[in-house]
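Here's a walk through this model, taken a piece at a time. Keep the structure open and follow along.

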Amino acid sequence: MGTSGAEHLRRIVEETDWYNGIVLDAVVPGGAWKRLPRPLQSWLRNYIGVTALYLVSGFLWCFYIYYLKRNVYVPKDSIPSNRAMYLQIIVAMKAMPWFCVLPTLSEYMAENGWTRCFASVGEVGWPAYFVYLTIYLIVVEFGIYWMHREFHDLKPLYKYLHATHHVYNKQNTLSPFAGLAFHPLDGILQAVPYVIALFLVPTHFTTLILLVFLEVVWTANVHDCIHGKIWPVMGAGYHTIHHTTYRHNYGHYTIWMDWMFGTLRYPEQEFKKAD
């Protein structure tokens, strides 16, 4: 690899070191974490960061919509019980160590130059950055749509993996904490398109890290049962239908894949049926 390539990888390594320092220096005294192998450092940072974001964002959002805004966003009889939310947290916490393996693997491959990640927007320019990001997200959206759909179409996958998440099939059993309440292998497989896309599309490394943490917030949001009505976003109004019909709205960030492949159902359709 030429000098420019070596510099490119050095900057990615320095960036992950910086992230590790921010998180791990705060929780591991004396810099003891620096003696760990690099992949373990990244895994530990991801585990601490994702767990903290999941719990803090979940508690704050639940407090806001279920208590401060009680009966405003969610009817009283649709608010999940504290026990239901507690059980969702338990499922998520059991899976969390495994969920953090995939982003750690992605970072390791990026540090070693095995992906198409780039360290700085300056390497490609802002116009190319936005084009690449758009293509990356389309590839991810396509991959997650079909991965999620196959978890429903292939009965063994549903029975042994995805059914863990679909225990939450009514509005009063769904909460922001259900967002990561998956069987570990289910959660990992649905995130695989994020990794595959790294080999296909040039991807800004910092943006990749941000997407990992955005995912935590996003999954909480789409399980709060509040219809945001922001087209073409696959918000909670759409995803709640997925949890009740099992055959619609498999998409991730947008409704486009469901529209293209004939599985889209609009929340407005459900409201008309309810009337």
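Start with residues 86-105, a span that is 95% helix and 0% strand, with its end C-alpha atoms 30 Å apart. This is a predicted model, so keep that in mind as we go. In the UniProt record, an unreviewed entry, residues 86-105 are listed under "transmembrane region", along with 44-66, 126-147 and 191-214. Take residues 126-147 from that list: here the span is 100% helix and 0% strand, and the end C-alpha atoms lie 31 Å apart.

The record, again an unreviewed entry, also lists residues 134-263 as "domain: Fatty acid hydroxylase". Over residues 134-263, helix makes up 57% of the chain and strand 2%, and the C-alpha atoms at the two ends are 23 Å apart.

Now for how some of the helices pack. Look at H3, residues 82-99, and H7, residues 184-198: their axes are 8 Å apart, and the helices pack at an angle of about 45°. That angle makes H3 oblique to H7. As for handedness, H3 and H7 make a right-handed crossing. Which residues do the touching? On the H3 side they are Ala95, Trp98 and Phe99, and these meet Pro184, Gly187 and Ile188 of H7. Sorted by class, this contact of H3 with H7 has 5 nonpolar residues, 1 polar and no charged ones.

Next, swing over to H2 (residues 38-68) and H4 (residues 101-111). The axes of H2 and H4 come within 9 Å and cross at roughly 135°. H2 and H4 are therefore oblique to each other, and their crossing is right-handed. From H2, the residues Arg38, Pro39, Ser42, Trp43, Arg45 and Asn46 take part, meeting Val101, Pro103, Thr104, Glu107, Tyr108 and Glu111 in H4. By class, the contact of H2 with H4 has 5 nonpolar, 3 polar and 4 charged residues.

Two of those H2 residues, Arg38 and Arg45, are a handy way into H1. Helix H1 covers residues 3-27, and Ile22 lies in it. How far apart are the C-alpha atoms of Ile22 and Arg45? They are separated by 8.9 Å, although Ile22 and Arg45 are 23 residues apart along the chain. Ile22 has a relative accessibility of 49%, so this residue counts as partly exposed; the cut-off for exposed is over 50%.

Asp17 lies in H1 too. At 31% relative accessibility, Asp17 also counts as partly exposed. Setting aside its neighbours within four places in sequence, Asp17 is in contact with Trp33 and Arg38. Then compare a longer reach: the C-alpha atoms of Asp17 and Asp77 are separated by 48 Å, and the two residues are 60 apart along the chain.

Back to the other end of the numbering, and a bit of strand. Thr203 sits in strand S2, residues 203-204. Is Thr203 buried or exposed? Its relative accessibility is 4%, so Thr203 counts as buried. Leaving out neighbours within four places in sequence, the residues in contact with Thr203 are Arg116, Cys117, Phe118, Tyr136, Leu198 and Leu208. One of these, Leu198, belongs to the 184-198 stretch of H7 that we met above.

Finally, check the backbone in the loop between H8 (205-221) and H9 (236-245), where Pro232 is found. What kind of peptide bond joins Trp231 and Pro232? A cis one, with omega about 0°. Cys225 is in the loop between H8 and H9 as well, and has a positive phi of about 70° although it is not a glycine. Lys229 is another residue of that loop, again a residue other than glycine with a positive phi, in this case near 55°. Their surroundings can be set side by side: Cys225 counts as buried because its relative accessibility is 11%, whereas Lys229, at 62%, counts as exposed.

Definitions and conventions. Residues numbered from 1 in each chain as written. Predicted model: local features only at pLDDT ≥ 70, side-chain atom pairs only at ≥ 80, totals over all residues. Heavy atoms only, no water. Axes fitted to C-alpha atoms, helices over the stretch in contact; angles between N-to-C directions. Helix = DSSP H or I, 4+ residues; strand = E, 2+ residues; numbered from the N terminus. Parallel < 35°, antiparallel > 145°, perpendicular 65-115°, else oblique. Left-handed = near helix turned anticlockwise from the far one by under 90°. Contact = heavy atoms within 4.5 Å. Nonpolar A, V, L, I, M, F, W, Y, C, P; charged D, E, K, R; others polar. Buried < 20%, exposed > 50% of the residue type's maximum accessible area, 1.4 Å probe, protein only. UniProt positions renumbered as here; feature names shortened; annotations may be inferred.
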